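Here are my notes on this one, jotted down as I went through it. Have the viewer open while you read.

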Amino acid sequence: MSTYAQQTAENVTLPTSLDEAVAALAAMPSAVPVAGGTDLMASVNAGLLRPAALVGLGRIAEIRGWQYADGAALLGAGLTHARMGRPDFAALIPALAAAARSAGPPQIRNAGTLGGNIVSAAPTGDALPVLAALEASVILAGPEADREIPVSHLLTGMDPLRPGELLAFVRIPLLHAPQTFLKATGRTGPGRAVASVALVVDPARRQVRCAVGAVAQVPLRPLEAEQWVAGLIDWDGERNLAPEACTAFGEYVAAACIPDQPGVELPPAAVQLRRTVAALSRRALGRALA
Amino acid sequence: MSVIDGPGAVTESLAGGGTPHGIGTSLPSADAPAKTQGTYPYAADLWAEGLLWAAVLRSPYPHARIVRIDTGEAAAMPGVRAVLTHEDVPGDAMHGRLVADRPVFAKDIVRHHGEPIAAVAADHPDTARLAAAAILVEYEVLEPVTDPEKAFAAEPLHPDGNLIRHIPLRFGDPDTVGEVIVEGLYRVGRQDPAPIGAEAGLAVPRPDGGVELYVASTDPHADRDIAAACFGLEADHVKVVVTGVPGAMGDREDSGIQLPLGLLALRTGCPVKFVATREESFLGHAHRHPTLLRYRHHADAEGRLVKVEAQILLDAGAYADASSDALAAAVAFAAGPYVVPHVFVEGWAVRTNNPPSGHVRGEGALQVCTAYEGQMDKLAAKLGLEPAEIRMRNVLATGDLLPTGQSVTCPAPVGELLKAVRDADLPPLPDGDDESQWLLPGGTSGAGEPGAVRRGVGYALGMVHVLGAEGTDEVSTATVRVHDGRATVICAAVETGQGFTTLARQIVQEVLGVEDVRVLPSDTDQPPAGPAARGRHTWVSGGAVERAAKMVRTQLLQPLAAKFGMSVELLTIADGKITSYDGVLSTTVAETLDGKELWATAQCRPHPTDRLDETGQGDAFVGLTFCAIRAVVDVDIELGAVRVVELAVAQDVGRVLNPRQLAARIEAGVTQGVGLALMEDLRAPRGIVKRPSLTGYALPTALDAPEVRIVKLVEERDVVAPFGAKAVSAVPVVTSPAAVAAAVRAATGRPISRLPIRPQAAIVKPPA
Ligand SMILES: Cc1cc2nc3c(=O)[nH]c(=O)nc-3n(C[C@H](O)[C@H](O)[C@H](O)COP(=O)(O)OP(=O)(O)OC[C@H]3O[C@@H](n4cnc5c(N)ncnc54)[C@H](O)[C@@H]3O)c2cc1C
């Protein structure tokens, strides 16, 4: 007796519009969407996942680019890291471009997408701290009406993707001010973040927003440190800070993200991580205000 | 990218016109086109009609007693054709290179995470895997021995005890004391050979009751002998056929692959294929010995070494494997390529429940290089000398004694090598106005800050022996056949990618003047050639090929010489033509052959060596080779990120046989060393291998690999070696980690006593 018969042919749908994709998912609730496959196929190869069917998102032209809407950019979930890394995109959202350029080796960047990065929600997802700092929101397309929620609600699981829903677009306010993304990997070649810092200056709201990636399950926002530093900045003047202020900001962010445990000494690895976050935050702020 | 410069560095321009052939040319590898086009057949590509798929069940624990194994459910699964455990091994239950201490399948006790317990053959790989997972094993988990320092006193993991070997080396006067003393404790992590292609194999049963194993073996005859003994068959009933080897930095395809495959094929009567997952590969094959080294160096006020004391502890994992050899190298080279009148070393290799250690290029020699070079830097700092200067004052030369009492008879141009790297131009600092375009430590991720980057320059001198040591019978046999104006080489020396077949072709071209030379694939029907390790094949198999080719040459020329009344020596062959010294005679090889075939088989067996005695003394090595490396690194002293900017290499090669291949071997070697220096460490806390994947275990990529600059190749012939050539692959691996560590030390002022260098070790704390 052979077990070959049990291996059903992989069922793959390749819709060309969001509506078709949503319909395909509705028709087959066990189907799993796949964009670049750089996260999904690794799980399949490792035997962790055996999807009964796949809905490929690669042919949906409407989510492969971006458009402008009321002072914001509406990014398609199918934008690849490679595309986001290009100069025209970098002129628009510099921090997201920097994150995209650092996300894995070129082969991965050519295939991996913004949507996949968000839905995978890995602690080391490089787009995530940038989206958190930008206070981006995501537009979800599903069998019911589309809905828009803050990206942080999706990442924290407060408001997860519902069955049959697809991540269609990401709305990002265009700030027209400096923003940075810095990532420490411990090596020269491509690697996952040990820690990353996204920092954006928002002159309209007189805010500095910062998010730290890879040190916790989701990007962390050191709100007090943000407010403190925003208070130091002369928003109507040069907008620069003394190096000591940048250093203090770094320490502040690091202590907020890797807090002291009352009564216990911080383990060496945490001390090291704190030092890394402090250096990254200081550098990020320094560059943004340079 | 490598750059070769310096006068006399290369004997032939890399861009020379025409098809190069013969010794000293950059003859390209015959496999290269197929490999680059993806048509080269590797073991994982093998196929046989009606084949079954194997899966191996491996222990999830590093140390446990097996209470019960129930294969019933697995065997009953549809599609499953056989399930084997220790009860199904018809021959020897245990095997091993020197000590038969490793079971085919664990019986009562498992001794490391990933040890094979059972194997399944089924009609689909997923079925085989599911069935393996359905085998019920009841374990009584035991406390693992994971600290090699505690192995001495721990419950024995083997009836012989946990001490695999102890070498106390005594050389000189133990009471001598130097004016300056420095001490250090060094640790080297567990490097995985990480062969880039999947470890795989196919076993095909034979009608005569035997079996053929198609595997990417690096030592087919040894593997055949082990397999035959475990299968309970005569050796001539097992044939190992070497398939395309996708990378081998040490041994490939641990016995946990070959033996279950053969047993399953014999049991089912069907061909059986196995392709290891990356995870199994990390769990199964041998790693570089994690090593703990304690050193005390004594010097006089001028920085001349007086005495070296060392304690070296190798973590062998549960089985003896090649640990005895690694220990001999570590102890013998404990002081490095320096003249030291008094040397006292205690070396131990012990059993633990950590992942198995074994042969990985430069074993033993690499770990001590890291330590003795760390000590040289400490001495230099203490005496206020330049690191290159203190080394120069102590370099070994031909005629000096090793601490084993063996006199160095081969070329040992250590000082010349050091001078070459010391005097080479330093690489420029990053320049250009756009700082964002600089490749800083931390790479392209944007975190690097020029103001936090310090550059450091460090030196290391390394040495390694070539060929097996301590009385190993080093021998190889080769056959050369000439027919229709072309030649064929038959030799069981495995082409692992190291370039042996190219070398064999060059040798035959040189001796016989025929350009068209083919090398047949290796299998165990051919006479043994021994393992592809320790630069052996350049020497012993290259030597055997040369001898066989010379015998054919004599057979070819003898009748001509007799006819013309001159001696064979007065005839030359080049480009398929035979001419006499005076130009009177001129004919072709094809014409002289006149349709005949000429065959000759020859052996090469270098002079014998001794086992190190109870005080670590003896002529244990056939040959030695040396290397000097100057590393230039940039360190982000706040993040601890290190980028190796350049490695300048000077190497003692005897003779350049193939310049391009030689450069590739050096580049590959130093890059493997950089991997160990900066990132490669298979972590196994409490004996459990963590993240056994190529995401979890980082290897150097093109961005991590430095510019490799070969500044000098010293071509002082080693008169006892064929062509005077030395093995070239291991010594750059041995030397580069120490050079990188020295450069990081120089950049940061931190001690750097542990490899890989963790970021926290390279951070310079701002003054409080
Ligand atoms: C070698 C390697 C290196 C990597 N390095 C990095 C790195 O440095 N930084 C980093 O951030 N990531 C890295 N990654 C992870 C990965 O490449 C990224 O997370 C990538 O953005 C995932 O996108 P994808 O399109 O490939 O996702 P897929 O694998 O196609 O999908 C991932 C998940 O998201 C779901 N999904 C995808 N698109 C949608 C959608 N539109 N709507 C709903 N669900 C969706 C899928 O069902 C799946 O569950 C690396 C991966 C590899 C293999």
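Where in chain B does UniProt place the feature "domain: Aldehyde oxidase/xanthine dehydrogenase a/b hammerhead"?

1. UniProt puts that feature at residues 37-143 of chain B, and the entry is an unreviewed one. Keep in mind as you go that this is a predicted model. Over residues 37-143 of chain B, strand accounts for 36% and helix for 14%. The C-alpha atoms at the two ends of that stretch sit 50 Å apart.

2. On to chain A, which splits into three pieces: domain 1 covers 11-56, domain 2 covers 61-173 and domain 3 covers 180-289. Taken over C-alpha atoms, the centres of domain 1 and domain 3 of chain A are separated by 37 Å.

3. Now the ligand. It is surrounded by 32 residues, and the closest are A:Pro33, A:Gly36, A:Thr38, A:Leu40 and A:Thr113. Sorted by class, the shell around the ligand holds 14 nonpolar, 14 polar and 4 charged residues.

4. Which elements should you click on around the ligand? In chain A, β2 (31-34), α7 (114-120) and β8 (166-173) each supply at least two residues of the shell. The most comes from α7(A), which gives 4 residues.

5. Have a look at the backbone around the ligand as well. A backbone N or O atom of A:Leu40 is 2.7 Å from an oxygen atom of the ligand, and for A:Asp39 the corresponding distance to a ligand oxygen atom is 2.8 Å. A:Asp126 also brings a backbone N or O atom to 2.7 Å from an oxygen atom of the ligand. As for cover, the ligand taken alone exposes 970 Å², and the protein buries 88% of that.

6. Two residues of chain A caught my eye for their backbone angles. A:Glu135 has a positive phi of about 50° although it is not a glycine. Find A:Glu135 in the loop between α8 (127-134) and β6 (137-141) of chain A. With a relative accessible area of 37%, A:Glu135 is partly exposed.

7. The other one is A:Arg239, again not a glycine, with a positive phi of about 65°. A:Arg239 belongs to the loop between α10 (223-232) and α11 (243-257) of chain A. Its relative accessible area is 25%, so A:Arg239 counts as partly exposed.

8. Is A:Arg283 buried or exposed? A:Arg283 is buried, at 1% relative accessibility. It is part of helix α12 (residues 268-288) of chain A. The side chain of A:Arg283 makes a polar contact, at 2.8 Å, with the side chain of B:Glu638. That pair is worth zooming in on when you check how A:Arg283 and B:Glu638 are placed.

9. Back to chain B for a peptide bond. B:Leu755 and B:Pro756 are joined by a cis peptide bond, with omega about -5°. B:Pro756 falls in the segment after β30 (754-755) of chain B.

10. Last, B:Pro33, which sits in helix α1 (residues 32-37) of chain B. At 43% relative accessibility, B:Pro33 counts as partly exposed. How far apart in space are B:Pro33 and B:Glu155? From C-alpha to C-alpha they are 54 Å apart, with their positions 122 residues apart in sequence terms.

Technical notes. Residues are numbered from 1 along each chain as its sequence is written. Chains are lettered from A and ligands numbered from 1 in the order in which they are written. This is a predicted model: local features need pLDDT of at least 70, side-chain atom pairs count only at pLDDT 80 or more; totals for chains, interfaces and linings use all residues. Side-chain values use heavy atoms; hydrogens and water are left out. A residue is near a molecule or strand if one of its heavy atoms lies within 4 Å of it. A polar contact is a pair of N or O atoms within 3.5 Å; within protein, one must be able to donate a hydrogen and the other to accept it, and residues adjacent in sequence count only if both atoms are side-chain atoms. Accessible areas come from the Shrake-Rupley method with a 1.4 Å probe; for residues, only the protein chains shown count as cover. Ala, Val, Leu, Ile, Met, Phe, Trp, Tyr, Cys and Pro count as nonpolar, Asp, Glu, Lys and Arg as charged, and the others, Gly among them, as polar. Domain bounds come from an automatic or database domain assignment. Buried means under 20% relative accessible area, exposed over 50%, partly exposed in between (1.4 Å probe, protein chains only). UniProt positions are given in the numbering used here, feature names are shortened, and annotations may be inferred rather than shown by experiment.
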